[in-house]
Structures are given as C-alpha cells and as structure tokens.
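User: I am new to this structure and would like a close look at one part of it. Please take the largest pocket, and add a few words on the cysteines and a buried charge.

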Amino acid sequence: MTTLRSLRPSFPSLPSSFSHPIFHTFPSTPCNYSPKFIASKGFRITPRHSTISPKAFNSQYSPQIADSLNDVSIFTAAGEPVRFNDLWDQNQGVAVVALLRHFGCICCWELALALKESKARFDSAGVKLIAVGVGTPNKARVLAERLPFPMDCLYADPDRKAYNVLKLYYGLGRTFFNPASAKVFSRYDSLQKAAENYTIGATPNDISGVLQQGGMFVFRGKELLYARKDEGTGDHAPLDDVLEVCCRAPVA
C-alpha cells in the first residue's frame, strides 16, 4: 500500500492512521492590508469598501447568495438542528464560514487546527468563526474532542446542503488528481501536528462524502466579502488573506 512516506521519502514516519487510502490520494499581523486577488476565481477586495467587484459577483456568486443559504439546515456538533442564517447576525455581524472537507480527512484536521490557533485573532476583530464539515454530528465530535476544536464553532452537514448551494467542487478528479493538492507536501509539519490524535473513525459512513471539496467565505451580515473554493484536497484559503478581509470589515 502506498504511504505518504513513500511519496516523499525524506519525511520521517507519520502516525499509522495515515495508511488509510483516502489520505494517500490527496495528493503575523493580520491587518496590514493591501488590495489583491484573494479567490481562485478572481474575487477582489477593494481598498475603500472591502466589497467584491460586480464582475466577480457575475462570474461566481450572486449578491443574494446568503439568502440562498437561509433554508439550509445543518447540525451543531451536539446534534441539534440549526438553520444556516442563524449562525451569525444577519444584519452587520461579521463571520468567517469555513467549509471543511469530511471530518475524517487529515487535511480537514490541519485546517481546523489552523482555525483554532487563529481564533483569538478572529475574536479580537469581533468576527465569529464557523466551521462546517461533511459527516454526522457524532463524527464532528470525534474531531472536536481529539484535535481538540471548540464545539460551539463546529457544525455538521451530512447531506452537503451548504456545499451544494455554494457550488463547491465535488468528484474523483478534484479529490485525487488536482494539481492544487500538491501543495500539501510543503506543509508536512502542520499535517504532522494535526495528526497527533487523528483517527479515521471520523470518516463519514457515507463514503461519497469523501469526494467533497471545501471553501472559505467571509460575510458581513448578508454581504459576501470573500469567497474561495478549494481547487483540490488540501488547497486551503490563506488565513492571512481571510484575516485581512475581516480587519477591513467594520463591526457594528
């Protein structure tokens, strides 16, 4: 069986949980702002208003995308149903909405760890952190308890409803063969740290969920400030970019 070690011979040994085939195939100061492209499809934050240009809206998401999420119902990690539009203040509240892959993906654990380590900076900016993963609430609790990750920030979307509304990438090619996944090999240290208490027991029972890719979004009320689709497994949004957007968004 192929292992991550065999793909990168210079790596030291990883935990034995990396031997599962699902995982072999994946493959600072926040407020220093400068305008830049921050999304794989060209979303631009402007220096004056921190909004997405009309061109970007037309090519990627409609201005009503937050309204499209209103009817989406997911679950807290504790198993309680919750509507997506109840996750943050829909007037002027600023929220980072991170859609992870499935709860059994080591790259999902890596991103969750990075989000947890950045939570104090989000909190200081008055930004609510929301992380959503593919799987049932009991799988979400596995990640929350073992990583660990704050349960009050973690949600489960077993039917991938939010992922479908946001048209995030899905499929065999994106999951296993996309060139963007190669960048995980430059993050070996963070993967190893995330894997310390990792278990494949967090993998969804519905294996079709492992083909789902994630994405990162920032909302101020119903206004979309930032959007980025993961091109492939492990192709995460740069958190420094996300934090810059949050710092530019005034909190009411």
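Does Cys 153 count as buried or exposed? And what forms the lining of the largest pocket?

Analyst: Bear in mind that this is a predicted model. Cys 153 counts as buried, because its relative accessibility is 6%, and the cut-off for buried is under 20%.

Now the pocket. The largest pocket holds about 270 Å³ of space. It is lined by 17 residues. Closest to the pocket's centre are Glu 110, Leu 111, Ala 114, Arg 187 and Leu 239. Three helices each give two or more residues to this lining: H5 (106–124), H9 (188–194) and H10 (239–248). Helix H5 gives the most, with 7 residues. By kind, the lining has 7 charged, 6 nonpolar and 4 polar residues.

Next, the cysteines. Cys 108 is buried, with 2% relative accessible area. Its closest cysteine sulfur belongs to Cys 105, 6.1 Å away. A disulfide needs the two sulfurs within 2.5 Å, so that gap is too far for a bond. The search of the whole structure agrees: it finds 0 disulfides.

Last, a buried charge. Arg 228 sits in strand S7, which covers residues 223–229. Arg is classed as charged, yet Arg 228 counts as buried at 11% relative accessibility. What lies 2.9 Å from a polar atom of the Arg 228 side chain? The backbone oxygen of Asp 235 does.

Definitions and conventions: Residues numbered from 1 in each chain as written. Predicted model: local features only at pLDDT ≥ 70, side-chain atom pairs only at ≥ 80, totals over all residues. Heavy atoms only, no water. 1 Å grid on protein atoms, 1.4 Å probe; cavity = no way out; pocket = protein on both sides within 12 Å on 5 of 7 lines; lining within 4 Å. Points joined across faces, edges and corners; volume = space filled by probe spheres on them. Helix = DSSP H or I, 4+ residues; strand = E, 2+ residues; numbered from the N terminus. Buried < 20%, exposed > 50% of the residue type's maximum accessible area, 1.4 Å probe, protein only. Polar contact = N/O pair within 3.5 Å; in protein donor to acceptor, adjacent residues only side chain to side chain.
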